[in-house]
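Open the structure in a viewer and keep the sequence panel in view. The stops below say what to select and what is there.

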Amino acid sequence: MSTWEIWLAIVAMMVVTILLRAGFLLAGERVVLPARVQRALRYAPAAALAAIVVPDTLLWHDRFMFSIGNPQLISGVFAIAWYAWRRKMLEMILLGMTVFTVARLYL
């Protein structure tokens, strides 16, 4: 590819990205999503977070490891259990990091 073709591709991708991301903002209240879609979109942040966190939790040294030898999995289980019990985000983070550090050092 030549230099001008590369710049043309970059500018085209920029324009498409801006139009897609700003589409709902530019349309304003003229576009109304169905109630079913609005309910489904409430779960999008949690689904995106799970899609990022779960694979990383199950990988240890670039291998799928669903066992007690995976400190990330152990700390995740402890953190989830703690949050389910106490509903305190800061405590969950501190416990998860502490369990991860201890498990990483001793496993």
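In which loop does His61 lie? Select His61: its place is the loop between strand 1 (59-60) and strand 2 (63-64). The model is a predicted one, and the values given on this tour are computed from it.

**Two positive phi angles**

Stay on His61 and display its backbone. Phi is near 55° here, a positive value in a residue other than glycine. Most residues other than glycine have a negative phi. His61 has a relative accessible area of 61%, so it counts as exposed.

Next select Arg87, which sits in the loop between helix 4 and helix 5. Its phi is near 60°, again positive in a residue that is not glycine. Is Arg87 buried or exposed? Arg87 is exposed, because its relative accessible area is 59% and the cut-off for exposed is over 50%.

**The salt bridge**

Step back to Arg86, which belongs to helix 4, and add Glu91 to the selection. How far apart are the closest N and O atoms of Arg86 and Glu91? They are 3.4 Å apart, and the two residues form a salt bridge. Side chains of opposite charge can pair when their charged atoms come close. A search of the whole structure finds one salt bridge.

Colour both partners by accessibility. Arg86 counts as partly exposed because its relative accessibility is 35%. Glu91 is also partly exposed, at 28%; the class runs between the 20% limit for buried and the 50% limit for exposed.

**The largest pocket**

Now display the pocket surface. Rolling a probe the size of a water molecule over the atoms shows where empty space is left. The largest pocket holds about 620 Å³ of space. Select Val53, Thr57, Gly76, Ala79 and Ile80: of the 19 lining residues, these are the closest to the pocket centre. Which elements give two or more residues to the lining? They are helix 3 (44-58), helix 4 (71-86) and helix 5 (89-106). Colour the lining by class to see 13 nonpolar, five polar and one charged residues.

**The nonpolar surface patch**

Move to the start of the chain and select Met1, Ile6, Trp7, Ile10 and Met13. These residues form a nonpolar patch on the surface, and together they have about 600 Å² of accessible area. Within this patch, Met1 lies in the segment before helix 1 (3-27). Met1 has 76% relative accessibility and therefore counts as exposed.

**Two long distances**

Finish with the distance tool, using C-alpha atoms. Select Ala27, a residue of helix 1. Ala27 is buried, because its relative accessible area is 15% and buried means under 20%. Draw a line from Ala27 to Ala81: the two are 54 residues apart in sequence, and their C-alpha atoms are 43 Å apart in space.

For the second line, return to Arg86, the helix 4 residue already seen in the salt bridge with Glu91. How many residues apart along the chain are Arg86 and Leu19? They are 67 residues apart, with 43 Å between their C-alpha atoms.

Methods
Residues are numbered from 1 along each chain as its sequence is written. This is a predicted model: local features need pLDDT of at least 70, side-chain atom pairs count only at pLDDT 80 or more; totals for chains, interfaces and linings use all residues. Side-chain values use heavy atoms; hydrogens and water are left out. Patches are made of residues with over 30% relative accessible area and no salt bridge: like charges are joined within 9 Å, nonpolar side chains (Val, Leu, Ile, Met, Phe, Trp, Tyr) within 5 Å. Accessible areas come from the Shrake-Rupley method with a 1.4 Å probe; for residues, only the protein chains shown count as cover. A salt bridge is a side-chain nitrogen of Lys or Arg within 4 Å of a carboxyl oxygen of Asp or Glu. Helices (H or I, at least four residues) and strands (E, at least two) are DSSP runs, numbered from the N terminus. Buried means under 20% relative accessible area, exposed over 50%, partly exposed in between (1.4 Å probe, protein chains only). On a 1 Å grid over the protein atoms alone, a cavity is a set of points where a 1.4 Å probe fits but cannot get out, and a pocket is an open set with protein on both sides within 12 Å along at least five of seven lines; lining residues have an atom within 4 Å of a point. Grid points are joined across faces, edges and corners, and a volume is the space filled by probe spheres set on the points. Ala, Val, Leu, Ile, Met, Phe, Trp, Tyr, Cys and Pro count as nonpolar, Asp, Glu, Lys and Arg as charged, and the others, Gly among them, as polar.
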